[in-house]
Amino acid sequence: MKYLLLSYTPAAAWDAATADTPSEEALAAFAAYQKFEQELTATGEFVTSEGLGHPAVSTTVRKTSHGVVATDGPFAELKEVLASFAVIDVASHERAVEIVTRIVDVLGEPIEIRPIMGEDFIA
């Protein structure tokens, strides 16, 4: 079963002015995460992973009473922002939790686990 892993980071820790220049701490976190990716690639459980651009350059599209509207940036002020995502393909929800527990233990930031609706959801 495939799971989407949504990694969040505190909004205050993500400075738009320095988003293109990672800190030493960020580089160390990336290196630790890459070790997890290598391990999951070796077991055949890794599908993909990407970091996301700074929320200040995002666009939100919503349907309103005036039609569909695109606005710059996130709609609401956020305490945490979505920083990256990964997709894994594992045998069970328990295995997904096991993997994510190890990643959160090293990186210290929350990760949301969501099942990806696909063939596994067909009755």
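1. Leu-4 has Val-87 of strand 5 as its bridge partner, and this pair belongs to the antiparallel pairing of strand 1 with strand 5, which extends over nine bridges. Strand 1 covers residues 2–10, while strand 5 covers residues 80–89. The reader should bear in mind from the outset that this is a predicted model, and that the pairings described here are those of the prediction.

2. Strand 1 also pairs with strand 6, again in the antiparallel sense, and here five bridges join the two. Within this pairing, Leu-6 of strand 1 is matched with Glu-112 of strand 6, a strand that takes in residues 111–115.

3. Strand 5 has a further antiparallel partner in strand 2, to which five bridges connect it. Strand 2 comprises residues 46–51, and Phe-46 is found opposite Ile-88 of strand 5.

4. Taken together, these pairings give an open sheet of four strands, arranged in the order 2-5-1-6 with antiparallel pairing. Strand 2 and strand 6 occupy the edges, and because each has a single partner strand, one side of each is left without a neighbour in the sheet. From one strand to the next, the twist averages 20°. As background to reading such a sheet, side chains in a regular strand alternate between the two faces of the sheet.

5. Helix 1 packs on this sheet, where it touches strand 2 and strand 5, and its direction makes an angle of about 160° with that of strand 2. Helix 2, for its part, lies across strand 1, strand 5 and strand 6, and it runs at about 160° to strand 6.

6. How do the two helices stand to each other, and at what angle do their axes cross? The axes of helix 1, residues 24–43, and helix 2, residues 93–107, come within 10 Å and cross at roughly 160°. Since angles over 145 degrees count as roughly antiparallel, helix 1 is therefore roughly antiparallel to helix 2. The crossing in which helix 1 passes helix 2 is right-handed.

7. On the side of helix 1, the contact between the helices is made by Ala-29, Ala-32, Tyr-33, Phe-36, Glu-39 and Leu-40, and on the side of helix 2 by Arg-95, Ile-99, Arg-102, Ile-103, Val-106 and Leu-107. Sorted by character, the residues of this contact comprise nine nonpolar and three charged ones, with no polar residue among them.

8. A hairpin is formed by strand 3 and strand 4, with two residues between them. Strand 3, residues 59–64, and strand 4, residues 67–72, run antiparallel and are joined by six bridges. One of the bridge pairs links Thr-59 with Asp-72 of strand 4.

9. On confidence, the mean pLDDT of the chain is 85, and 85% of its residues reach 70 or more. Confidence is lowest in strand 3, at a mean of 85, and highest in strand 6, at 94; strand 3 is a member of the hairpin with strand 4, whereas strand 6 stands at an edge of the four-stranded sheet.

Methods:
Residues are numbered from 1 along each chain as its sequence is written. This is a predicted model: local features need pLDDT of at least 70, side-chain atom pairs count only at pLDDT 80 or more; totals for chains, interfaces and linings use all residues. Side-chain values use heavy atoms; hydrogens and water are left out. Two strands pair if DSSP finds at least two bridges between them. Axes are lines fitted to C-alpha atoms, for helices over the stretch in contact, and angles run from 0 to 180 degrees between N-to-C directions. Angles under 35 degrees count as roughly parallel, over 145 as roughly antiparallel, 65 to 115 as roughly perpendicular and the rest as oblique. A crossing is left-handed if the near helix is turned anticlockwise from the far one by less than a right angle, and right-handed if clockwise. Contact means heavy atoms within 4.5 Å. Ala, Val, Leu, Ile, Met, Phe, Trp, Tyr, Cys and Pro count as nonpolar, Asp, Glu, Lys and Arg as charged, and the others, Gly among them, as polar. pLDDT is the predictor's confidence in each residue, from 0 to 100.
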